[in-house]
Amino acid sequence: MTNPKDCSPVITVQGLRNSFGEQVVHENLDLTVCRGEILGVVGGSGTGKSVLMRSIIGLQRPDEGEVEVLGESMIDRDEDEAKNIRRRWGILFQNGALFSTLTVAENVEVPIREYFPYIDKQLMDEIASYKIAMSALPQDAGPKFPSELSGGMVKRAGLARALALDPELLFLDEPTAGLDPIAAASFDELILSLQKKLDLTVFLITHDLDTLYAICDRVAVLADKKVIAVGTIPELLALDHPWIQEYFNGPRGRAAADTAEEKVDA
Ligand SMILES: Nc1ncnc2c1ncn2[C@@H]1O[C@H](COP(=O)(O)OP(=O)(O)OP(=O)(O)O)[C@@H](O)[C@H]1O
């Protein structure tokens with residue numbers, strides 16, 4: 001499947017190979033993420049979605065292959081160069097990855113302090129409070145500790161921190177995992193509205209079929225150690241790969257498609 005004609009690549013992965021000892025996780029994996037799209041990444045458990053994300057953000061050194069993000073190669077960067085690139089993206093890890101001993105506002109301030117240590121306290125607090133509002137958290141969430149928040153609020157706090165440095169690119173690792181369907185749908189809507197407002201490119205790992213239907217422009221499918229297909233859901237449905245058919249045409253896939261259709265009709 002080819003990339004859209006007007007694709008301006010923000011992430012390009014070519015010939016990626018990752019292994020742990022004898023276990024080869026990726027072999028000859030290629031993927032392009034285009035500017036301004038929400039790309040969903042799906043695949044069975046253990047197919048290497050998180051390892052792929054770690055390779056893209058430079059946390060996992062591949063055995064082979066090229067990874068370019070925002071026009072810069074991610075392989076063998078020195079720390080200063082890597083830091084400059086990291087500043088241009090935000091990451092929401094699966095469990096929120098907040099510092100438990102810091103309040104929500106202090107968590108949001110962590111990346112700001114790292115990159116702009118000279119910003120005074122008042123401005124820092126104002127930026128944090130703005131990011132908290134953007135993530136649809138009530139302002140009284142700022143002084144709370146992560147242990148005082150619901151699961152949905154922890155995700156929003158993680159999102160507020162991911163947005164701290166006005167990123168161009170957002171990585172989301174299973175953002176709706178562990179949320180009830182209403183909280184998950186509202187988180188999807190939040191991501192979609194932020195993506196539009198901030199003109200973000202989003203790399204989104206998910207198992208959540210509703211999320212794929214609700215917000216993803218294209219979906220990349222990981223299987224057999226590589227990206228076996230990438231395209232819109234109708235494009236993927238036209239392929240007769242057994243995993244794709246089972247995933248999208250299984251009972252959960254059909255339920256998600258029905259929900260998406262009902263939303264369009266409403
Ligand atoms: N640091 C590591 N050391 C050894 N093996 C690892 C390491 N990280 C990941 N793996 C292995 O790589 C494979 C892919 O893992 P990964 O976490 O990327 O899968 P995934 O597709 O994200 O799975 P899930 O959907 O269950 O989260 C797994 O078999 C995992 O055990």
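This is a guided tour of one predicted model, going from the whole chain to single residues.

**The whole chain**

Begin with the entire chain in view, where you will find 10 helices and 10 strands. Its C-alpha atoms fill a box of roughly 55 × 50 × 35 Å along the principal axes. A compact globule of 266 residues would have a radius of gyration near 18 Å, and because the chain has 19 Å, the two values agree. Of the 266 residues, 39% count as buried, and among the contacts with a separation of 6 or more, 67% are accounted for by residues 24 or more positions apart.

Next, select residues 11–249, which an unreviewed UniProt entry gives as the feature "domain: ABC transporter". This span is 38% helix and 26% strand, and the C-alpha atoms at its two ends lie 29 Å apart.

**Around the ligand**

Now select the ligand together with the residues that surround it, namely F20, V25, G43, S45, G46, T47, G48, K49, S50 and V51. Which part of the chain gives the largest share of this shell? It is helix 1, residues 49–56, which supplies three residues. Sorted by class, the shell has three nonpolar, six polar and one charged residues.

**Strand 3 and its partners**

Select strand 3, residues 38–43, whose last residue, G43, also belongs to the ligand's surroundings. Six of the six residues of this strand are buried, so strand 3 is largely enclosed by the rest of the structure. If you look at its two faces, you will find I38, G40 and V42 on one side and L39, V41 and G43 on the other, and both faces are covered.

Add strand 8, residues 201–205, which pairs with strand 3 in the parallel sense over four bridges; here I38 stands opposite V202. Then add strand 9, residues 218–223, which also pairs with strand 3 in the parallel sense, in this case over five bridges, with L39 standing opposite R218.

From strand 9, move on to strand 10, residues 226–231, which runs antiparallel to strand 9 and is joined to it by five bridges. One pair to pick out is L222 with its bridge partner V227 in strand 10. The hairpin formed by strand 9 and strand 10 has two residues between the strands, and in this hairpin D224 takes a positive phi near 50°.

**Two more residues with positive phi**

Most residues other than glycine have a negative phi. With that in mind, select D166, which has a positive phi of about 50° although it is not a glycine. D166 lies in the loop between helix 5 (151–162) and strand 7 (169–173).

Continue to E174, where phi is again positive and near 50°, and which lies in the loop between strand 7 and helix 6 (181–198). Which of these two is buried and which is exposed? D166 is exposed, because it has 12 other C-beta atoms within 10 Å, whereas E174 is buried, because it has 20 within that distance.

**A buried position in helix 3**

Finish at V108, which lies in helix 3, residues 104–115. V108 counts as buried because it has 30 C-beta neighbours inside 10 Å. Leaving aside its neighbours within four places in sequence, V108 is in contact with A128, K131, I132, A160, R161 and A164. Select A157 as well: although V108 and A157 are 49 residues apart in sequence, their C-alpha atoms are 7.6 Å apart in space.

Terms used
Residues are numbered from 1 along each chain as its sequence is written. This is a predicted model: local features need pLDDT of at least 70, side-chain atom pairs count only at pLDDT 80 or more; totals for chains, interfaces and linings use all residues. A residue is near a molecule or strand if its C-beta atom, placed from the backbone, lies within 6 Å of it. Ala, Val, Leu, Ile, Met, Phe, Trp, Tyr, Cys and Pro count as nonpolar, Asp, Glu, Lys and Arg as charged, and the others, Gly among them, as polar. The radius of gyration is taken over C-alpha atoms; the globule rule is 2.2 Å times the number of residues to the power 0.38. Two residues are in contact if their C-beta atoms, placed from the backbone, lie within 7 Å. UniProt positions are given in the numbering used here, feature names are shortened, and annotations may be inferred rather than shown by experiment. Two strands pair if DSSP finds at least two bridges between them.
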